[in-house]
Amino acid sequence: MFGNLKVFQSVLAAEKAITFLNGSKKIIKRQSHVVSYRSAPPPHSKATRIGAVAVGGAMWWWVIWHLWHEPDHITGEFDYPNAAKWSNFHLGIPRDEK
């Protein structure tokens with residue numbers, strides 16, 4: 001019984017959400033996010049644009065700062081070993097059978 005009531009309520013809510021503009025477009029208002037079909041989305045606010053640039057700038061500052069001051073994260077902490085000192089035994093190469 002309550003299942004049918006919930007379906008009926010959702011149908012009524014959907015009918016109330018549909019509005020007609022200019023007699024030809026149907027727009028459903030769901031109060032969740034902006035959906036723009038075949039039209040440009042609304043522009044972002046100035047605060048959003050400034051915030052995005054500030055966060056992006058802070059991220060790149062952090063990356064470049066740490067690459068400059070702590071390059072060992074990329075190149076490794078230890079000196080690269082001299083490959084000329086490696087023997088076939090260390091490399092796992094079997095002996096030549098002659």
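**Close-up views of a predicted protein chain**

**View 1. The whole chain and its surface.** The protein chain exposes about 10300 Å² (Shrake-Rupley method, 1.4 Å probe), and carbon and sulfur atoms supply 63% of this area. Buried residues, meaning those under 20% relative accessible area, make up 1% of the 98 residues. This is a predicted model, in which local features need pLDDT of at least 70 and side-chain atom pairs count only at pLDDT 80 or more, while totals for chains, interfaces and linings use all residues. Residues are numbered from 1 along each chain as its sequence is written, and side-chain values use heavy atoms, leaving out hydrogens and water.

**View 2. The order of the elements.** Let's walk along the chain: from the N terminus on, its elements run α-β-β-α-α-α, giving four helices and two strands. These are DSSP runs (helices H or I, at least four residues; strands E, at least two).

**View 3. Where the predictor is confident.** The mean pLDDT (the predictor's confidence in each residue, from 0 to 100) is 78 for the protein chain, with 64% of residues at 70 or more. Among the elements, helix 2 (residues 46–69) has the highest mean, 96, and strand 1 (residues 18–21) the lowest, 45. Over residues 19–23 the pLDDT is below 50, and this stretch has six contacts (heavy atoms within 4.5 Å) beyond near neighbours in sequence. Where pLDDT is low, please do not read the predicted coordinates in detail.

**View 4. A nonpolar surface patch.** Tyr80, Trp86, Leu91 and Ile93 make a nonpolar patch of about 490 Å². Patch residues have over 30% relative accessible area and no salt bridge (a side-chain nitrogen of Lys or Arg within 4 Å of a carboxyl oxygen of Asp or Glu); nonpolar side chains are joined within 5 Å, like charges within 9 Å. Leu91 belongs to helix 4 (residues 88–91).

Methods: Buried means under 20% relative accessible area, exposed over 50%, partly exposed in between (1.4 Å probe, protein chains only).
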